[in-house]
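Please open the structure in the viewer and keep the sequence panel visible. The tour proceeds by selections, each followed by a description of what is found there.

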Amino acid sequence: MSHLLKAFQQRFLRSITLAILLTLISSFILPGATWAASSSLGVDNGYLTACPASDNCVVSQNADAKHAIDPITYHLDQNTAREILLKVLGVVPRTEIVEQTPNYIHALSKSRIFKFVDDLEFYFPPNESVIHLRSASRVGESDLGVNRRRVEQIRLALRDLNI
C-alpha cells in the first residue's frame with residue numbers, strides 16, 4: 001500500500017511541477033499581454049492612436065523618441081500613392097488588408113512561427129503629401145524591432161516605386 005501511495009505522490013509532484021513550469025514559460029512568452037481592441041485603432045481628429053508603453057509599436061504622429069518613426073512622403077497625387085501602397089501591402093508576407101477608406105488603410109500582419117498579429121495602419125491626411133503610419137503588436141512587451149523593420153521595408157519598396 002505504501003508503494004502505491006509513494007507512486008501516486010510522485011505523479012502528483014510531477015504534475016504540479018509541469019503546471020508551474022508551463023505557467024512560467026507562458027509568462028515569459030507573453031508578459032503583460034495587452035490585446036489591441038478595435039476601438040483603439042483608426043484615426044481620431046486627424047491622428048492615429050498613440051503607442052502603449054511597451055516596446056512593440058511605432059507611430060509617426062505625436063510619439064516619444066522610443067516609438068517615433070518618420071511618415072512616408074510622396075510626390076504623386078494621393079490616390080496614386082494609395083493604390084501603390086495597397087499593391088506593396090499585397091506582397092508583404094502574411095499580410096492582409098482588412099479595411100480601407102479613401103484616407104485610411106488597416107492591415108493585419110502575422111508572425112511566421114507563432115502567428116502573433118500586428119496591426120498596420122496608414123493615414124493619408126488631406127492636403128498633405130505624407131502617409132502617417134502606425135504598426136503595433138497586439139500582445140507582449142517586445143517585438144525585437146519587427147514592426148519598425150516592416151515599416152521601413154514598406155518605405156523602401158515605395159521609394160523604389162518612385163512615389
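The stops below run from the whole chain to helices, a disulfide and individual loop residues.

**The whole chain**

Begin with the entire chain in cartoon view, bearing in mind that this is a predicted model. The chain contains 3 helices and 8 strands. Followed along the sequence, these elements appear in the order α-β-β-β-β-α-β-β-β-β-α. Colouring by accessibility would show that 35% of the 163 residues count as buried. Among contacts with a separation of 6 or more, 52% are between residues 24 or more positions apart.

**Helices α2 and α3**

Next, select residues 78–91, helix α2, together with residues 146–160, helix α3. The axes of these two helices come within 10 Å and cross at roughly 125°. An angle over 145 degrees would count as roughly antiparallel and one from 65 to 115 as roughly perpendicular; α2 and α3 are therefore oblique to each other. The handedness of their crossing is right-handed.

Which residues make the contact between the two helices? Display the side chains of Ile 84, Leu 85, Val 88 and Leu 89 on α2, and those of Ile 154, Ala 157 and Leu 158 on α3. The contact of α2 with α3 comprises 7 nonpolar residues, with no polar and no charged residue.

Remain on helix α2 and select Thr 80, which belongs to this helix. Thr 80 has a relative accessible area of 30% and is therefore partly exposed. Add Ile 163 to the selection: its C-alpha atom is separated from that of Thr 80 by 8.4 Å, although the two residues are 83 residues apart along the chain.

**The disulfide**

Now select Cys 51 and Cys 57 and show their side chains as sticks. How many disulfides does the structure hold? There is 1 disulfide, and it joins Cys 51 to Cys 57 with an S to S distance of 2.1 Å. The torsion about the S-S bond is -70°, and the link of Cys 51 and Cys 57 is left-handed. Are these cysteines buried or exposed? Both Cys 51 and Cys 57 are buried.

**The loop between β3 and β4**

Move to the loop that lies between β3 (57–59) and β4 (72–73), and select Asn 62 within it. At this position phi is near 45°, a positive value in a residue other than glycine. For context, most residues other than glycine have a negative phi. Asn 62 has 61% relative accessibility, so it counts as exposed.

Pro 71 is also placed in the loop between β3 and β4. With a relative accessible area of 23%, Pro 71 is partly exposed. Leaving aside residues up to four places away in sequence, Pro 71 touches Ser 60, Val 130, Ile 131, His 132, Leu 133 and Arg 155. One of these, Leu 133, repays a distance label: its C-alpha atom and that of Pro 71 are separated by 6.3 Å, with their positions 62 residues apart along the chain.

**The loop between α2 and β5**

Return to helix α2 and proceed to the loop between α2 and β5 (95–101), where Arg 94 is located. Arg 94 is another residue other than glycine with a positive phi, here near 55°. Is Arg 94 buried, partly exposed or exposed? Its relative accessible area is 38%, so Arg 94 is partly exposed.

**The loop between β7 and β8**

For the last stop, select Asn 127, in the loop between β7 (117–123) and β8 (130–137). Asn 127 has a relative accessible area of 85%, and is therefore exposed. Add Gln 78 to the view: the C-alpha atoms of Asn 127 and Gln 78 are separated by 9.0 Å, while the residues stand 49 residues apart along the chain. Gln 78 also opens the range of helix α2, residues 78–91, so the tour ends at the helix examined earlier.

Technical notes. Residues numbered from 1 in each chain as written. Predicted model: local features only at pLDDT ≥ 70, side-chain atom pairs only at ≥ 80, totals over all residues. Heavy atoms only, no water. Axes fitted to C-alpha atoms, helices over the stretch in contact; angles between N-to-C directions. Helix = DSSP H or I, 4+ residues; strand = E, 2+ residues; numbered from the N terminus. Parallel < 35°, antiparallel > 145°, perpendicular 65-115°, else oblique. Left-handed = near helix turned anticlockwise from the far one by under 90°. Contact = heavy atoms within 4.5 Å. Nonpolar A, V, L, I, M, F, W, Y, C, P; charged D, E, K, R; others polar. Disulfide = S-S within 2.5 Å. Buried < 20%, exposed > 50% of the residue type's maximum accessible area, 1.4 Å probe, protein only.
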